[in-house]
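Trainee: I'd like a close look at a single part of this structure rather than a quick tour. Could you take me through the sheet and what surrounds it?

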Amino acid sequence: MIKKNTNSDALIATILSGIEDVKGKEIVLLDLRELENTVCDYFIICEGSSNTQVNAIVGAVGKKVSKELKDKPWHIEGEDNGEWILMDYVNVVVHVFQKQVREYYDIEGLWGDAKITQIETNY
């Protein structure tokens, strides 16, 4: 399968817009490009308050990226339980958590050497 290379900046902006459309909370962008042995260039991490909201965030991101950039995730994991869903866009990986699961796995702590940018929202 040949994967179209989508511009990372446009992809990130579109993903963030999709998250904001359904009021995803505590959004952070981890820039992993300066670190060795990383699986991608960026992580986008956010949380929803329920299984329903986590699934809605993933749906909104998928629809927005598909419509605006004509791209789709290479792989999605965790849709069955809605506690932690991972969307893999190859260079950008989106993690959508419920709050307690996010705190337990502490992805930001594991990748603490990455440049972390807190995304401000208006809600």
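Mentor: Let's start with Leu-29, whose bridge partner in β2 is Ile-44. That pair belongs to a set of 5 bridges that join strand β1, residues 25-31, to strand β2, residues 42-48, and these two strands run antiparallel. Helix α1 packs on the sheet here, touching β1, β2 and β5, and its direction makes about 5° with that of β2. Do keep in mind that everything we look at comes from a predicted model.

Now cross from β2 to its other partner. Here 7 bridges join β2 to β5, and the two run parallel. You can find one of these pairs at Gly-48, which has Gln-98 as its bridge partner in β5.

Strand β5 deserves a pause. How many of its residues are buried? The count is 7 of 7, so β5 is largely enclosed by the rest of the structure. In a regular strand, side chains alternate between the two faces of the sheet. Following β5 on your screen, you will see Val-92, Val-94, Val-96 and Gln-98 pointing one way, while Val-93, His-95 and Phe-97 point the other way, and all of them are buried. Notice that a glutamine and a histidine are among these buried residues.

On from there, β5 (residues 92-98) is joined to β4 by 5 bridges, with the strands running antiparallel. Two pairs you can pick out are Trp-84 with Phe-97 and Asp-88 with Val-93. The link between β4 and β5 is a hairpin with 3 residues between the strands, and Val-90 in the turn has a positive phi of about 70°. Strand β4 itself, residues 84-88, is mostly covered, with 4 of its 5 residues buried.

The next step takes us to β3, residues 75-77, which is held to β4 by 3 bridges, again antiparallel. Ile-76 stands opposite Met-87 of β4. This hairpin has 6 residues between the strands, and Gly-78 takes a positive phi near 95° in it.

Put the pieces together and you have an open sheet of 6 strands in the order β3-β4-β5-β2-β1-β6, with mixed pairing. Its edge strands are β3 and β6 (115-118), each of which pairs on one side only. On average, neighbouring strands are turned by 15° against each other, direction ignored.

What, then, fills the space around this sheet? The largest nonpolar core has 23 residues, and those with the most contacts inside it are Ile-15, Ile-19, Ile-44, Val-61, Tyr-89 and Val-92. Our starting partner Ile-44 is on that list. At least two residues of this core come from each of α1, β1, β2, α2 (51-69), β4 and β5, and α2 gives the largest share, 6 residues. For a view of the packing, centre on Ile-15: leaving aside neighbours within four places in sequence, Ile-15 is in contact with Ile-44, Val-61, Val-65, Tyr-89, Val-92 and Val-94. There is also a second, separate core of 12 residues, which includes Leu-30, Leu-32, Val-101 and Ala-114.

Before leaving α1, look at Ser-8, which lies in this helix (residues 8-21). Is Ser-8 buried or exposed? Its relative accessible area is 18%, and the cut-off for buried is under 20%, so Ser-8 counts as buried. Beyond its neighbours within four places in sequence, Ser-8 is in contact with Tyr-42 and Asn-91.

Finally, step back to the whole chain. From the N terminus on, the elements run α-β-β-α-β-β-β-α-α-β. The radius of gyration is 13 Å, close to the 14 Å that the globule rule gives for 123 residues, so the protein is as compact as a globular protein of that length. Of those 123 residues, 45% count as buried. Among contacts with a separation of 6 or more, 64% are between residues 24 or more positions apart.

Note on methods:
Residues are numbered from 1 along each chain as its sequence is written. This is a predicted model: local features need pLDDT of at least 70, side-chain atom pairs count only at pLDDT 80 or more; totals for chains, interfaces and linings use all residues. Side-chain values use heavy atoms; hydrogens and water are left out. Buried means under 20% relative accessible area, exposed over 50%, partly exposed in between (1.4 Å probe, protein chains only). Two strands pair if DSSP finds at least two bridges between them. Contact means heavy atoms within 4.5 Å. Axes are lines fitted to C-alpha atoms, for helices over the stretch in contact, and angles run from 0 to 180 degrees between N-to-C directions. A nonpolar core is a set of buried Ala, Val, Leu, Ile, Met, Phe, Trp, Tyr and Cys residues joined through side-chain atoms within 4.5 Å. The radius of gyration is taken over C-alpha atoms; the globule rule is 2.2 Å times the number of residues to the power 0.38.
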